[in-house]
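Colleague: I'd like to get my bearings in this fold before going back to the bench. Could you walk me through it?

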Amino acid sequence: MMKRRDWMLGAALAAFSIAAIAQADAAPLSEGEVRKVDPQAKKLTIRHGPLANLDMPAMTMVFQVQDEAMLQNVRVGDRVRFLAEKVDGQFTVVRIEPAS
């Protein structure tokens, strides 16, 4: 009986993880302009429009980056589309791409 319960718990956790990933992929990207790149601090300053997933109005703010390799692909003045999330209490860019 214990094995069945463990299996069910594992299946439920896997389903939750897949749903969380799908939700992040479905979240709308926000538009912004890179104002500062700080590789030492692993931070980006972005002037952005509204961040719908964070219920945040347009403003300029500093973000952590999930992967410091992201900093190698952006320059001050670049127009970008990005997704920010609150990770461990910090606003963090988890996806970024050039704006079309």
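Modeller: What follows is a short chat about the strands and the core; keep in mind that this is a predicted model.

Colleague: Okay, in what order do the strands of the barrel go round?

Modeller: Start from β1, residues 30-38, which pairs antiparallel with β4, residues 79-87, over 4 bridges. β1 also runs antiparallel to β2, residues 43-48, with 6 bridges joining them. β2 then pairs with β3, residues 59-65, again in the antiparallel sense and over 6 bridges. The 5 strands close into a barrel with mixed pairing, and the order is β1-β2-β3-β5-β4.

Colleague: And by how much are neighbouring strands of this sheet turned against each other on average?

Modeller: We're talking about the sheet whose 5 strands close into the barrel. With direction ignored, the average turn between neighbouring strands is 55°.

Colleague: Which residue takes a positive phi in the hairpin of β1 and β2?

Modeller: Look at where the two strands meet: D38 stands opposite K43 in β2. The hairpin has 4 residues between the strands. One of them has a positive phi near 60°, and that's K42.

Colleague: What is the bridge partner of S30 in β4?

Modeller: S30 belongs to β1, which spans residues 30-38. Across in β4, the partner of S30 is F82.

Colleague: How are the rings of F63 and F82 arranged?

Modeller: A search of the whole structure turns up 1 aromatic pair. Its ring centres are 5.5 Å apart and the planes sit at 65°, which is over the 60 degrees needed for the label, so F63 and F82 are edge-to-face.

Colleague: How many residues apart are those two in the chain?

Modeller: F63 is in strand β3 and F82 in strand β4, so the pair links distant parts of the chain. The separation is 19 residues.

Colleague: Are F63 and F82 buried or exposed?

Modeller: Nonpolar side chains tend to be buried together in soluble globular proteins. Here, F63 and F82 are among the residues with the most contacts inside the largest nonpolar core. Both of them are buried.

Colleague: Which strands each supply at least two residues of that core?

Modeller: The core has 16 residues, and L44, F63, F82, V93 and I96 have the most contacts inside it. V93 touches, among others, I46, F63, V65, F82 and L83, leaving aside residues up to four places away in sequence. The strands that each supply at least two core residues are β2, β3, β4 and β5.

Note on methods: Residues are numbered from 1 along each chain as its sequence is written. This is a predicted model: local features need pLDDT of at least 70, side-chain atom pairs count only at pLDDT 80 or more; totals for chains, interfaces and linings use all residues. Side-chain values use heavy atoms; hydrogens and water are left out. Two strands pair if DSSP finds at least two bridges between them. Axes are lines fitted to C-alpha atoms, for helices over the stretch in contact, and angles run from 0 to 180 degrees between N-to-C directions. Rings of Phe, Tyr and Trp (its six-membered ring) pair if their centres lie within 6.5 Å; planes under 30 degrees apart count as stacked, over 60 as edge-to-face and the rest as tilted. Buried means under 20% relative accessible area, exposed over 50%, partly exposed in between (1.4 Å probe, protein chains only). A nonpolar core is a set of buried Ala, Val, Leu, Ile, Met, Phe, Trp, Tyr and Cys residues joined through side-chain atoms within 4.5 Å. Contact means heavy atoms within 4.5 Å.
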